[in-house]
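Student: Hi, I'd like to go through this structure with you, starting with how its chains meet. Could we take it slowly?
Tutor: Of course, let us look at it together.
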Amino acid sequence: MALNQLPTFAHIAELQLSIALVERSVRRPSLKTRGPQATLTEMWRGQIAFADVSAANARVFASWAEWQDGRVQAFGVTLRQGFATHANNFAGTITVAALPGDSFVYLASSAGSQSLLSGTLLAIGAPGAAGYQVVELLDDATLNSAASLVPIAPRIRKQTPAGTAVAGGDVQAALRFTGDMPGVTQALFRGVTSFDVIEAVL
Amino acid sequence: MQWRQWPTFAKIHSGGPTVEAHSRGGENAGGHYSYIVGGGARIVWKLSVPPMQTKDALRFRAFLHSLRGAAGTLELVMPFAKPLPAFTAHFNGYTDGTVHTDDTAYDDAVSYDTAFFQSGTVAAAAAGAEVLSITGATPVVGEWLKVQTADGPQCVRVFGVAAPQAFVRPRLRAALTSSTVHVGQVSCTFRLVGNAPAVPLVNGRSLALDIELEEAR
């Protein structure tokens with residue numbers, strides 16, 4: 001299922017996304033050596049602040065936000081190269097099935113040798129499809145047609161078969177609001193808003 | 001991931017390590033077990049990272065995420081008790097008779113006449129000790145030491161010297177045998193307190209962010 005997209009007039013002014021251990025057990029908070037166990041422990045979450053929009057667009061924006069129905073509806077936010085990820089045109093596949101909880105994947109490039117910097121975002125699968133996940137490369141890597149093991153975060157959430165497509169460039173994050181729809185503050189001639197978001201598990 | 005090195009492109013803008021003890025008072029110091037988990041006081045450090053160009057900010061974001069919350073550790077070089085000549089202008093002091101508020105003479109001359117990194121020998125000490133007997137090196141008050149305890153390396157700060165004894169905090173969390181002690185420019189192992197903070201990204205660069213760290217062992 002295709003993800004709802006942000007209105008085209010919505011431009012990100014500031015992006016704060018990090019990976020949180022949102023499902024980490026609170027029963028033993030002092031045991032620092034305990035690693036993340038569950039596959040849902042690591043998720044993108046954060047805040048997106050948007051540039052001002054016109055008053056007319058503010059009304060459209062408010063209606064769009066209401067359409068997401070609080071936490072119910074996942075929507076897509078394009079994380080652009082040079083801003084939220086490094087410029088690259090990576091295309092490749094997973095060569096060995098990735099299992100839930102894996103902190104790495106075996107990747108092969110299908111477009112020749114490509115060097116990627118740590119911090120590059122990669123989209124595993126098709127946006128909106130089951131198991132779709134955006135991961136971050138944790139170390140610099142040079143990828144070619146042979147399989148390379150690369151560390152990633154967040155951990156793999158659902159079993160991902162070999163042959164699944166992986167794409168770099170502008171990637172689309174699947175997000176939800178963390179609560180009820182955010183308000184779009186409307187002034188006389190303009191509107192401003194920011195969203196608290198968390199990754200949507202598809 | 002364990003033992004990640006702090007990225008060279010990420011500068012530390014401000015903030016200094018301190019010894020935190022209020023919730024880790026040591027053996028039998030707290031009523032509930034949760035107050036003594038961790039074996040006693042340890043170093044905490046809230047540091048500020050200045051803005052970076054987008055390329056470095058994204059790499060720094062990956063570095064923070066590679067720690068996987070509080071599970072991973074990173075190495076940081078402790079600040080010097082004495083400033084490095086290469087980084088510090090050498091003042092000659094005012095000559096206009098400026099005095100402090102208590103009428104003592106103002107002297108801002110910088111002295112760096114001791115070694116910045118020394119190795120010596122520390123005598124055996126028990127867990128909980130805060131007095132170390134050190135030979136072969138001359139620590140000064142405010143300097144950091146790194147000793148090898150039975151539970152791994154521990155960093156301590158000197159708050160008093162009566163050679164060969166050095167008075168240190170926090171107390172040793174485990175016993176140590178007679179071994180090498182490093183003085184001055186030592187690196188200590190930290191972990192994030194809680195989740196990795198988000199790196200704020202704006203057009204072309206990142207904004208400054210604060211990071212809270214706690215000594216790992």
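Tutor: Before we begin, contact here means heavy atoms within 4.5 Å, and please keep in mind that this is a predicted model.
Student: Okay, so how many residues does the contact take from chain A and from chain B?
Tutor: Chain A supplies 37 residues to the contact, while chain B supplies 28 residues.
Student: And what area is buried between the two chains?
Tutor: About 2,500 Å² is buried between chain A and chain B, and carbon and sulfur atoms give 53% of that area.
Student: How many salt bridges are there between chain A and chain B?
Tutor: The count is two salt bridges, and R68(B) forms a salt bridge with E42(A), where the closest N and O atoms are 2.7 Å apart. Between the two chains there are also nine residue pairs in polar contact, counting pairs with both residues at pLDDT 80 or more.
Student: Which element gives the most to chain A's side?
Tutor: That is β2(A), which gives nine residues to the side of chain A that touches chain B. Sorted by class, this side of chain A has 17 nonpolar, 11 polar and nine charged residues.
Student: Switching topic, what about the largest nonpolar core?
Tutor: The largest nonpolar core has 67 residues, and those with the most contacts inside it are W6(B), F60(B) and I211(B). Helix α1 of chain B, residues 54–66, gives the largest share of this core, namely six residues. As background, nonpolar side chains in soluble globular proteins tend to be buried together.
Student: What does W6(B) touch, then?
Tutor: If we leave aside neighbours within four places in sequence, W6(B) is in contact with nonpolar and other residues alike, including F60(B), F63(B), E75(B) and I211(B).
Student: Now S48(B): buried or exposed?
Tutor: S48(B) lies in strand β3 of chain B, residues 42–49, and it counts as buried because its relative accessible area is 13%, whereas the cut-off for buried is under 20%.
Student: Which side chain does the side chain of S48(B) make a polar contact with?
Tutor: The partner is the side chain of D210(B), at 3.4 Å. Leaving aside neighbours within four places in sequence, the residues in contact with S48(B) include K11(B), H13(B) and L209(B).
Student: Last one, how many helices and strands does chain A have?
Tutor: Chain A has one helix and 17 strands, and of its 202 residues 49% count as buried.

Terms used:
Residues numbered from 1 in each chain as written. Chains lettered and ligands numbered in written order. Predicted model: local features only at pLDDT ≥ 70, side-chain atom pairs only at ≥ 80, totals over all residues. Heavy atoms only, no water. Buried area = accessible area lost by both parts, 1.4 Å probe. Salt bridge = Lys/Arg side-chain N within 4 Å of Asp/Glu carboxyl O. Polar contact = N/O pair within 3.5 Å; in protein donor to acceptor, adjacent residues only side chain to side chain. Helix = DSSP H or I, 4+ residues; strand = E, 2+ residues; numbered from the N terminus. Core = buried A, V, L, I, M, F, W, Y, C linked by side-chain atoms within 4.5 Å. Buried < 20%, exposed > 50% of the residue type's maximum accessible area, 1.4 Å probe, protein only.
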